[in-house]
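Hi everyone, thanks for coming. Let me put the structure up on the screen, and then I'll walk you through the fold, the aromatic rings and the pocket.

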Amino acid sequence: MSNQQPAPQGKLSPLSSFIFASRWLQLPLYLGLIAAQAVYVFHFWVELVHLLEAAFGSQTALQALVNSIGYKADAPITSLNETVIMLVVLALIDVVMISNLLIMVIVGGYETFVSRLNLEDHPDQPEWLDHVNASVLKVKLGTAIIGISSIHLLKTFINAANYDEKVLMWQTIIHMAFLLSAIAIAYADRLMSHHEKAH
């Protein structure tokens with residue numbers, strides 16, 4: 001009778017351990033995205049402060065807003081008008097939606113590709129994180145990108161007088177390409193999930 005003990009289940013070879021540990025190389029990338037998120041937060045507050053100052057009559061803040069949104073009018077802009085307010089608010093919404101996208105990539109990507117966050121009992125655990133995997137993350141990211149593209153397109157159409165016709169056409173085409181891509185990804189994910197259930 002042999003005294004040789006079977007190898008423990010789940011034990012990795014040194015090479016397998018090294019390859020598996022390489023997932024931690026993604027950590028600086030997620031930390032970099034957190035830094036980018038901080039830049040977006042700062043940009044959001046700068047624009048919001050300019051909007052509030054312009055509402056109280058500051059010409060410097062108003063000019064900063066007009067320059068940042070790329071708005072041009074036939075007559076000089078001396079006070080906030082509805083179009084400027086709308087474009088600034090859409091820009092703020094755009095920042096928020098991109099920040100949401102960053103959070104999905106940071107939290108969902110880290111949870112999926114690097115390490116578990118163990119948030120099961122945390123009261124603030126995002127609902128979508130319960131069933132997140134690479135496929136779900138792709139669909140959610142595609143949906144978020146469509147939302148961001150929609151905001152950009154709306155901003156362009158509101159400020160259409162300052163854009164070339166080709167720019168308007170290409171932005172619309174690119175938005176439609178994003179939409180079709182997201183539909184294709186969602187459809188492929190649905191087919192794969194049905195195939196996995198069948199087996």
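Starting at the N terminus, the elements of the protein run α-α-α-α-α-α. That makes six helices and zero strands, where helices (H or I, at least four residues) and strands (E, at least two) are DSSP runs numbered from the N terminus.

A word on sources: this is a predicted model, so local features need pLDDT of at least 70 and side-chain atom pairs count only at pLDDT 80 or more, while totals for chains, interfaces and linings use all residues. Residues are numbered from 1 along each chain as its sequence is written, and side-chain values use heavy atoms, with hydrogens and water left out.

Of the 199 residues in the protein, 27% are buried; buried means under 20% relative accessible area, exposed over 50%, and partly exposed in between, using a 1.4 Å probe and protein chains only.

Now the rings. How many aromatic pairs does the structure hold? There are three aromatic pairs, counting rings of Phe, Tyr and Trp (its six-membered ring) with centres within 6.5 Å; planes under 30 degrees apart are stacked, over 60 edge-to-face, and the rest tilted. Tyrosine 30 and tyrosine 110 are edge-to-face, because their ring centres lie 6.3 Å apart with the planes at 80°. This pair links distant parts of the chain, with tyrosine 30 in helix α2 (residues 27–55) and tyrosine 110 in helix α4 (residues 82–113), 80 residues apart. Both tyrosine 30 and tyrosine 110 are buried. Phenylalanine 44 and tryptophan 45 also pair edge-to-face, with centres 5.9 Å apart and planes at 80°. Tryptophan 45 is exposed, at a relative accessible area of 51%. Trp24, Tyr30 and Tyr110 form one aromatic cluster.

On to the pocket. Which residues are closest to the centre of the largest pocket? Of the 14 that line the pocket, they are Ser68, Ile69, Ala91, His152 and Lys155. A pocket here is an open set of points on a 1 Å grid over the protein atoms alone, where a 1.4 Å probe fits, with protein on both sides within 12 Å along at least five of seven lines; lining residues have an atom within 4 Å of a point. Helix α4 gives the most to this lining, with four residues, and α2, α3 (59–69), α4 and α5 (134–158) each supply at least two.

That's my tour, so over to you!
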